[in-house]
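Visitor: I should like to learn how to read the features of a protein model in an orderly way. May we take them one at a time?

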Amino acid sequence: MAHYYVNTNAQPTGEHEVHTEGCSHPPLPNHRRPLGYFTDCKDAVREAKKHYANVDGCAYCCPSCHTR
Ligand SMILES: [Zn+2]
């Protein structure tokens, strides 16, 4: 299980990126909205979509959920 959070600040292209706690390219601390603990990024993305319509996984920490 890993702790995930979503960037409250959208990317220039509109999506909110989901990250794990230990990401090497995290958003600023005040842009992190905690999502909780999940076994994989797909569940974290599903949770983030309750808050934001446009969600994507981070290319660095969630490559299997990174689509854009
Ligand atoms: Zn990340």
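Guide: Let us start with a definition: two residues are in contact if their C-beta atoms, placed from the backbone, lie within 7 Å. Please bear in mind that this is a predicted model.

Visitor: With that criterion, which elements do the buried residues of α1 pack against?

Guide: They pack against β1, β2, β3 and β4. The residues concerned are C41, A44, V45 and A48, the buried ones of α1. These residues cover an arc of only 100° around the axis, so they lie on the same side of α1.

Visitor: How does the helix lie relative to the strands?

Guide: Helix α1 lies across β1 (2–7), β2, β3 and β4, and it runs at about 135° to β3.

Visitor: What is the overall pattern of elements along the sequence?

Guide: The order is β-β-β-α-β, that is, one helix and four strands.

Visitor: How should one read a sheet, and what is the strand order here?

Guide: In general, strands of a sheet pair through backbone hydrogen bonds, either parallel or antiparallel. Here the four strands form an open sheet in the order β3-β1-β2-β4, with mixed pairing. Strands β3 (32–38) and β4 (55–57) stand at the edges with a single partner strand each, so one side of each has no neighbour in the sheet. On average, neighbouring strands of this sheet are turned by 30° against each other, direction ignored.

Visitor: How many bridges join β2 to β4, and which residue in β4 is the bridge partner of H16?

Guide: Strand β2 (residues 16–20) and β4 run parallel and are joined by three bridges. The bridge partner of H16 in β4 is V55.

Visitor: How does one read a nonpolar core, and which residues have the most contacts inside the largest one?

Guide: In soluble globular proteins, nonpolar side chains tend to be buried together. The largest nonpolar core of this model has 14 residues, and V18, A44, V45 and A48 have the most contacts inside it. Two or more residues come from each of β1 and α1. Helix α1 gives the most, with four residues.

Visitor: What does V18 touch?

Guide: Leaving aside residues up to four places away in sequence, V18 touches Y4, V6, C41, A44, V45, A48, V55, G57, C58, C62 and C65. With the same exclusion, V45 touches V18, V55, G57 and C65.

Visitor: Are V45 and K42 buried or exposed?

Guide: One counts the other C-beta atoms within 10 Å, and 20 or more make a residue buried, whereas 12 or fewer make it exposed. V45, in helix α1, has 22 such atoms and is therefore buried. K42 is also found in helix α1 (residues 41–48), but it has 14 C-beta neighbours inside 10 Å and so counts as partly exposed.

Visitor: How far apart in space are K42 and V18?

Guide: Their C-alpha atoms are 9.7 Å apart, with the two positions 24 residues apart in sequence numbering. For V45 and S64, 19 residues apart along the chain, the C-alpha separation is 11 Å.

Visitor: Finally, how does one judge the fold as a whole, and what is the radius of gyration?

Guide: With 68 residues, a compact globule would have a radius of gyration near 11 Å, and the 10 Å of this protein agrees. The C-alpha trace spans about 30 × 20 × 20 Å along its principal axes. Of the 68 residues, 29% count as buried. Among contacts with a separation of 6 or more, 56% are between residues 24 or more positions apart.

Technical notes
Residues are numbered from 1 along each chain as its sequence is written. This is a predicted model: local features need pLDDT of at least 70, side-chain atom pairs count only at pLDDT 80 or more; totals for chains, interfaces and linings use all residues. The radius of gyration is taken over C-alpha atoms; the globule rule is 2.2 Å times the number of residues to the power 0.38. Two strands pair if DSSP finds at least two bridges between them. Axes are lines fitted to C-alpha atoms, for helices over the stretch in contact, and angles run from 0 to 180 degrees between N-to-C directions. A nonpolar core is a set of buried Ala, Val, Leu, Ile, Met, Phe, Trp, Tyr and Cys residues joined through C-beta atoms within 7 Å. The arc is that of the directions from the helix axis to the C-beta atoms.
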